[in-house]
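Let's take a look at how some helices pack in this model. Have the structure open as you read.

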Protein chains: 2
Amino acid sequence: MTDWAKSLLEGSRRALSRILTFIENNEASAPALMAALYPHTGKAWVVGITGAPGTGKSSLVNVLIKAYRAQGRTVGVIAVDPSSPFSGGAILGDRVRMEEHSGDPGVFIRSMAARGNLGGLSRATRDAIRVFDAAGFDMILVETVGAGQNEVDIVRAAQTIIVVEAPGMGDDVQAIKAGILEIADILVVNKADRPGAAQTVRGLKAMLELGHPSSKESLISHHGRLTEVPVLPATNTHEAIWLPPVIQTASLEQKGIAELITQIEAHRTFLTDNGKTAAIQDRAIELELYERLQASLLQRMIRATPPAQVLDLVRRVRQREIDPQSAVETLLTQNDGQP
Amino acid sequence: MTDWAKSLLEGSRRALSRILTFIENNEASAPALMAALYPHTGKAWVVGITGAPGTGKSSLVNVLIKAYRAQGRTVGVIAVDPSSPFSGGAILGDRVRMEEHSGDPGVFIRSMAARGNLGGLSRATRDAIRVFDAAGFDMILVETVGAGQNEVDIVRAAQTIIVVEAPGMGDDVQAIKAGILEIADILVVNKADRPGAAQTVRGLKAMLELGHPSSKESLISHHGRLTEVPVLPATNTHEAIWLPPVIQTASLEQKGIAELITQIEAHRTFLTDNGKTAAIQDRAIELELYERLQASLLQRMIRATPPAQVLDLVRRVRQREIDPQSAVETLLTQNDGQP
């Protein structure tokens, strides 16, 4: 166990691969391993890249990898795979990209699949980010599909969030944009060589003007309020504000990539210079603690509850003798939930 | 409170609207209201309609409404809005559709927004389904974007799950298909008047042949295994098996809609005749109990924990003095989580 951690810190890519699998499978000793690695984290810059299917996120990630490598920076990529909440298989596209960089020890690409519900994916992704961080990668790119709560939760672990759009994707995508826009630090109109790119840029700029300026703060405080979970107070809104730039890119011809990289650096500098990194980290950590607490509490409760009692309650709920929340209250009253 | 429930059961659309808002806002007395309504549920047939942005799900829902109304059946629609995990606003498209049916008391369309994380949306959606059910709607259509774990959790509350595809959506969509396919009872290739429809049908059929036959069972037992939550045993796999049909539709010209409705009925008959409805309900109820238990346990724990202790742990995690899971263990040890 500690041998693996030691190898990882010494740069072993084999240890990296094994530890990521270990974490994804949620092995019993994974917490001990993560505890050993945790003091070695906090050095990488984590960039979240999110957008609807068809916006070309994967190609954009691929050109970002090349650009960072040309600067001599190492890059870890976590592709959160929406395709397999159950099967856990890596998707073909990731395999292809992995091969393209397979000769380069400064690049490591990993597909993460959702493992069960109840927060498994966001836990595993956060842990994977820390493993890459401890392994010494300079940049960590986390790619997710920009639809769904879990995906928003995942991308929240990033320090800089890029939302990718593409021209002419229809009304459904417009709708997604409305919500995801609130968490964007940088907006990218990819496939900008296609017709309608200028219109998409105008649309995004118009929506930005209507939206909240201090997006990440409002995201997290909303989360707090709505889940009735106490969160740290929002930072002073009179402070310096980051206005998300809108950048046009075309992955195939490398258009706009240099500007995108410049803006990622500018955002990093903005957060650091304005003392915002600690506050953003604190809120993300607080929510992570609640998510983990919830999972631990449920496990403890299940161990303390006779399975026959659960099965009996399930049957009574199905037969409409008791409603689901009252069934839960029964479980809470009859079992103290202690180990 | 009970007045509202009484009005709802008597068919008041105003009570329906108010109760849905009440539930969405997670008001303190919502559990009492749901308990009062619960004995009146279990009569409607719930159809989940899921698919990537751009596949035309909303238009399909619209033509389904018209077809069911032509049969004299009442229809409730819950559009789970992925666009606004935070703002809670209804999207423009839903408003437009609502207006189209606004003169018809046999149709009621409601947009649900995600309220915070930690399972708020799946709880609210399940409750909303029950409100429509108690209000006496014959068919309840639940529309979600088919990407992300939460969306899969939501659609699982449906008895018949329709996965919608469209021709020529690129590689990203292919990837989504791989995971979502496992939960499909009926596959629809919408926009079948577009080029490439036959190819999409062939692709889906090929994937089906590779996939699991008893999709819904395997979904839930996987969930159970992976989250380390005990679940009821899977039903005998030698039983009758439903093979998901692949149907081509074109919403604008009503192509394939009659066949789709026929297949929804066939699936309903299949589940009922083979005694599968109780087993499917039991597993969905069991997972719902765990989700609700988790939320209640967290609330209880937070009430029992001094905020200063949480803030101190957050700071120590940020400063890498303690890792997140160890911080959670500290909270679990120092607070018994009792009310």
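What do the buried residues of helix 14 of chain A pack against? They pack against helix 13 (307–318) of chain A, and also against helix 3 (30–37) and helix 12 of chain B. Contact here means C-beta atoms, placed from the backbone, within 7 Å. Helices are DSSP runs (H or I, at least four residues) and strands are E runs of at least two, numbered from the N terminus.

A quick word on the source: this is a predicted model, where local features need pLDDT of at least 70, side-chain atom pairs count only at pLDDT 80 or more, and totals for chains, interfaces and linings use all residues. Residues are numbered from 1 along each chain as its sequence is written, while chains are lettered from A and ligands numbered from 1 in the order in which they are written.

Here are the two sets of residues in helix 14 (residues 324–334) of chain A. Buried means 20 or more other C-beta atoms within 10 Å of a residue's own, exposed means 12 or fewer, and partly exposed is in between.

| Set | Residues |
|---|---|
| Buried | Pro324(A), Gln325(A), Ala327(A), Val328(A), Leu331(A) |
| Exposed, on the face turned away from the buried side | Thr333(A), Gln334(A) |

Seen down the axis, the buried residues fall within an arc of 155° (taken from the directions from the helix axis to the C-beta atoms), so they line one face of the helix.

Now for the chain as a whole: chain A has 14 helices and seven strands, and buried residues make up 53% of its 339 residues. Among its contacts between residues at least 6 apart in sequence, 76% join residues at least 24 apart.

Key: Two residues are in contact if their C-beta atoms, placed from the backbone, lie within 7 Å.
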